[in-house]
Amino acid sequence: MEAIAENHITTFPTKPQNQPRSIPNNLQPQRFPSYLDATDISPRARILCDLLTRASPHDIESALSSAGITPTSEDIQQVLGFSYNHPSSAVKFFRWAGRFVKPSAYAWNIMVDLLGKNQSFEPMWDAMRSMKQEGLLSIATFVSVFSSYCTAHRFSEATMSFDVMDRYGVQQDVVAVNSLLSAICCEDNHMSVAIEFFDRIKTKIPPDGDTFAILLEGWEKEGNVAKAKNTFGEMVVRIGWSPKNISAYDAFLTTLVRGSHVDEAIKFLQVMKGHNCLPGLKFFSNAFDILVKQNDETHIIPLWDTLVGGGLLPNLIMYNAVIGLACNNNDVRNAFRFLDEMVFNGAFPDSLTYNMIFQCLVRNKRVREVGRFFIEMIKNECPPTGSNCVVAIKMLLENDDPEMAIDIWNYMAENCVSPLEESSNELLIGLVNLGRLVVVKTFAEKMLDKRINIFDSTMEKLKNVFYKEGRSLRDKYDSLSRRWKTTQM
């Protein structure tokens, strides 16, 4: 076993020769997981990780031997997984551990990934040659290699790695193609590299739905509408229409919407629907978010109807977004339409839903509907916010419905809803303006009983009106004023 382990790592140089270790200037240094933050690491693996971080690379093997720990296959995998920040020590640990147990294919793959992510590419290939000798190489190994090269922006070497896969006994298939494309597309602004590779390989290895989804997601990230249309067109020609290609449809339509080609997105959506294909909730959620920010109710309604008509169920967040948009555009009819259909689609309105509609009704001076909706909100335990109550009281009083204004104020007073002072003063001023002076005095006294502050400006307005109405009302005001002054002391 010890001899085999030694053979496994004889090709690993202890110190890579002529291997640049600096990361390109355009890349930020990677931050790797640390065993110190891990909660699912075994006690033995934690001790070994601690040794790797504390001992110098020259003393690693003697420190490990002195620890008296015989590592298991699981220990090796855990230690390597948390040793990306110490590649030289990890290599020495791997050599030492191989004397006790033959490293698994998974451990070898971690080693390849660790070296690649630290841009130690020559030792990485040495490890892969050792894996080849033992028959341990797999597509997972090359997926790691693609990722490491692309993260370092060494794309030509990533594609060259693909080209030599068959020499290492790993098949060049569509999964490998998609893995390389995904690694390239994960890096910003390198879609030209991805397309160059795709154009070269597509006749040899036919692309599938995932291939086009990866490319379309790349164009979405770059916001390139024209290229996305070209790729989508090629997708339809090569693989046709399929309900399975949701990710590709999501990415393509989102690119159109983000690129302000919403009319085209809706047209493509109808074409897809004609082929029994639809995007998923991801697209609709993204599209609604974009259109809400643009306050574009014109386009969101047909998108919404397609979503619901296609059997997809919007969630509460999506309903609140579209209801909020309708309310911002004073579209009361559609706001109520969406509210009514929510429950049928399993999304129950919350306080935000009700308050957006209530605020819209108040803003549009829908006096009777405000009253009815207020009652419904209380019944459904989603009452108006304090600020909405204040503006509702003011609107109702200005539009000759003091009874409902009083009902809302009573609700605020009974439930100590803030801002109670502001709503109370609005009520008094509104009642004064309507000439309900006797009612004003009654409510003013109630407010004083509840220790609610009546503003100086409000009392001054009451005084001006009461004093104009004769001695009886003047006396009533004076009585109220004396009581008010005692509360100000």
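What radius of gyration does the protein chain have, and what would a compact globule of 489 residues have? I looked this up before anything else. The protein chain has 35 Å, where a compact globule of 489 residues would have a value near 23 Å. I note that the model is a predicted one.

**Entry: overall**

I took the extents of the C-alpha trace along its principal axes and got about 115 × 60 × 40 Å. I then listed the secondary structure, which comes to 27 helices and zero strands. I counted burial over the 489 residues, and 50% of them are buried. For contacts between residues at least 6 apart in sequence, I find that 66% join residues at least 24 apart. The exposed area of the protein chain is about 23,500 Å², and 50% of it is supplied by carbon and sulfur atoms. I also looked up the charges: there are 51 positive and 57 negative side chains, and the centres of the two sets are 4 Å apart.

**Entry: helix α19**

I looked up α19, residues 332–342, to see how it sits in the fold. Eight of its eleven residues are buried, so this helix is largely enclosed by the rest of the structure. The buried residues of α19 are Val332, Asn334, Ala335, Phe336, Phe338, Leu339, Glu341 and Met342. I checked what they pack against and found α17 (297–309), α18 (316–328), α20 (351–363) and α21 (367–379).

Asparagine 330 is in the loop between α18 and α19. I noted its phi, which is positive at about 55° although the residue is not a glycine. Asparagine 330 is partly exposed, at 37% relative accessibility.

**Entry: cysteines**

How many disulfides does a search of the whole structure find? It finds zero. I took two cysteines to see why. The sulfur of cysteine 360 has its closest cysteine sulfur in cysteine 327, at 4.3 Å; a disulfide needs the pair within 2.5 Å, so this is too far for a bond. Cysteine 360 is buried, with a relative accessible area of 2%. For cysteine 382 the closest cysteine sulfur is that of cysteine 389, 13 Å away, which is again too far for a bond. Cysteine 382 also counts as buried, at 10% relative accessibility.

**Entry: tyrosine 84 and serine 144**

I placed tyrosine 84 in the loop between α4 (73–81) and α5 (87–97). Is this loop residue buried or exposed? At 11% relative accessibility, tyrosine 84 is below the 20% cut-off and therefore counts as buried. Leaving out residues up to four places away in sequence, tyrosine 84 touches Phe32, Ile110, Asp113, Leu114, Lys117 and Asn118. I also took the C-alpha to C-alpha distance from tyrosine 84 to leucine 115: the two are 31 residues apart in sequence and 8.0 Å apart in space.

Serine 144 is in helix α8, residues 139–151. Its relative accessibility is 9%, and it counts as buried. With residues up to four places away in sequence left out, serine 144 touches Val112, Asp113 and Lys117. Asp113 and Lys117 are thus touched by tyrosine 84 and by serine 144.

**Entry: proline 419 and serine 423**

I checked the peptide bond from serine 418 to proline 419 and it is cis, with omega near 0°. Proline 419 is in the loop between α23 (402–414) and α24. Serine 423 is in α24, residues 420–433. Serine 423 counts as buried at 0% relative accessibility. Not counting residues up to four places away in sequence, serine 423 touches Val390, Ile393, Trp409 and Met412.

**Entry: asparagine 189**

Where does asparagine 189 lie? I find it in the loop between α10 (174–185) and α11 (191–201). Its phi is near 60°, a positive value in a residue other than glycine. Asparagine 189 counts as exposed, at 61% relative accessibility.

**Entry: arginine 474**

I ended with arginine 474, which lies in helix α27, residues 471–487. Arginine 474 is partly exposed, with a relative accessible area of 28%. Leaving aside neighbours within four places in sequence, arginine 474 is in contact with Phe466 and Tyr467. From arginine 474 to methionine 124 I get 96 Å, C-alpha to C-alpha, at a separation of 350 residues in sequence.

Definitions and conventions:
Residues are numbered from 1 along each chain as its sequence is written. This is a predicted model: local features need pLDDT of at least 70, side-chain atom pairs count only at pLDDT 80 or more; totals for chains, interfaces and linings use all residues. Side-chain values use heavy atoms; hydrogens and water are left out. Helices (H or I, at least four residues) and strands (E, at least two) are DSSP runs, numbered from the N terminus. The radius of gyration is taken over C-alpha atoms; the globule rule is 2.2 Å times the number of residues to the power 0.38. Buried means under 20% relative accessible area, exposed over 50%, partly exposed in between (1.4 Å probe, protein chains only). Contact means heavy atoms within 4.5 Å. Accessible areas come from the Shrake-Rupley method with a 1.4 Å probe; for residues, only the protein chains shown count as cover. Lys and Arg count as positive and Asp and Glu as negative; His and the chain ends are not counted. The place of a charge is taken as NZ of Lys, CZ of Arg, CG of Asp or CD of Glu.
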